[in-house]
Amino acid sequence: MELKFKLCTLSNLHQLRLISEQTFVTAFEKDNDPIDFKKYIEQAFASLKIKNELLNPESEFYFAYKNDEVVGYFKLNVGEAQSELKYEYSIELERIYVLERYQGMGYGEQFLQHIKYIAKNSSKDILWLGVWQKNKRAIRFYERHGFYKFDTHPYFIGSDKQTDWLMRFNLSTL
């Protein structure tokens, strides 16, 4: 089934905060120290933080819908909102999450197709992301879709220093 994508606005703040926290907890809670993880969740998904991200003109959140149900979301950053590269010609895919009950149905591929479409139509040359080096399933997914590792950076869950692979997709290949 074809998904529909809709840009989030402030009216989506509550739902976006809930789905952001829910998908992150489902994906990573079991692999992290409970105290560090709880502290991270409280900071990363606080309503005020999500509100400020929604208000940032260099960031965009999108919900993906199957009929009228949200199946997941993603976040894109350009310019100074990017966590690393900050090139005028790059766009960061900071978050991409499909709710657990919808995983394995091909929706991730539809997400990436739409994200690549947005990036290409934004006159960007590079789409890039960070993915936890231990998330082998996600790494294989991105590699199948043309991304390749170009660097690493630290990512902290509380005091736990983890390593993200930085992966990129050259939009000129589209």
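This is a short walk through the helix packing, the nonpolar core and two unusual backbone positions of a predicted model.

Hi everyone, thanks for coming. Please keep in mind throughout that we are looking at a prediction.

Let's start with helix 1, which covers residues 13–28. Its partner here is helix 2, residues 34–44, and the two pack at an angle of about 160°, their axes being 11 Å apart. Angles over 145 degrees count as roughly antiparallel, so helix 1 is roughly antiparallel to helix 2. The crossing of this pair is right-handed. Who makes the contact? From helix 1 we have Glu 21, Phe 24, Val 25 and Phe 28, and from helix 2 we have Phe 37, Tyr 40 and Ile 41. By class, that contact holds six nonpolar residues, one charged and no polar.

Helix 1 also packs with helix 3, residues 47–55. For this pair the angle is about 115°, and the axes are 10 Å apart. The range from 65 to 115 degrees counts as roughly perpendicular, which means that helix 1 is roughly perpendicular to helix 3. Again the crossing is right-handed. On the helix 1 side you can pick out Leu 13, Leu 16, Arg 17 and Ser 20, which meet Ser 47, Ile 50, Lys 51 and Leu 54 of helix 3. This contact divides into four nonpolar, two polar and two charged residues.

Now for the core. In soluble globular proteins, nonpolar side chains tend to be buried together. Here the largest nonpolar core has 51 residues. Which of them have the most contacts inside it? They are Phe 24, Phe 74, Leu 93, Phe 111, Ile 115, Leu 127 and Tyr 142. You have met Phe 24 already, in the contact between helix 1 and helix 2. The largest share of the core is six residues, and it comes from helix 4, residues 107–121.

Let me zoom in on Phe 111, which sits in helix 4. Is Phe 111 buried or exposed? With a relative accessible area of 0%, under the 20% cut-off, Phe 111 is buried. Leaving out residues up to four places away in sequence, its contacts include Leu 3, Phe 5, Ala 64, Val 71 and Phe 74. Ile 96 is also on that list; its C-alpha lies 8.0 Å from that of Phe 111, with their positions 15 residues apart in sequence.

A second buried residue to click on is Val 131, in strand 5, residues 126–132. Its relative accessible area is 5%, so Val 131 counts as buried too. Val 131 and Leu 166 are 35 residues apart in sequence, yet 6.6 Å apart in space, C-alpha to C-alpha. Beyond four places in sequence, Val 131 touches Ala 138, Ile 139, Tyr 142, Thr 163, Asp 164, Trp 165 and Met 167. Tyr 142 is a name from the core list as well.

Last stop, the backbone. Most residues other than glycine have a negative phi. Asn 67 has a positive phi of about 60° although it is not a glycine. You will find Asn 67 in the loop between strand 2 (59–66) and strand 3 (69–77), where it is exposed, with a relative accessible area of 58%.

Lys 86 also has a positive phi of about 60° without being a glycine. Its place is the loop between strand 3 and strand 4 (90–98). Lys 86 is partly exposed, at 35% relative accessible area.

That's my tour, and I'm happy to take questions!

Technical notes
Residues numbered from 1 in each chain as written. Predicted model: local features only at pLDDT ≥ 70, side-chain atom pairs only at ≥ 80, totals over all residues. Heavy atoms only, no water. Axes fitted to C-alpha atoms, helices over the stretch in contact; angles between N-to-C directions. Helix = DSSP H or I, 4+ residues; strand = E, 2+ residues; numbered from the N terminus. Parallel < 35°, antiparallel > 145°, perpendicular 65-115°, else oblique. Left-handed = near helix turned anticlockwise from the far one by under 90°. Contact = heavy atoms within 4.5 Å. Nonpolar A, V, L, I, M, F, W, Y, C, P; charged D, E, K, R; others polar. Core = buried A, V, L, I, M, F, W, Y, C linked by side-chain atoms within 4.5 Å. Buried < 20%, exposed > 50% of the residue type's maximum accessible area, 1.4 Å probe, protein only.
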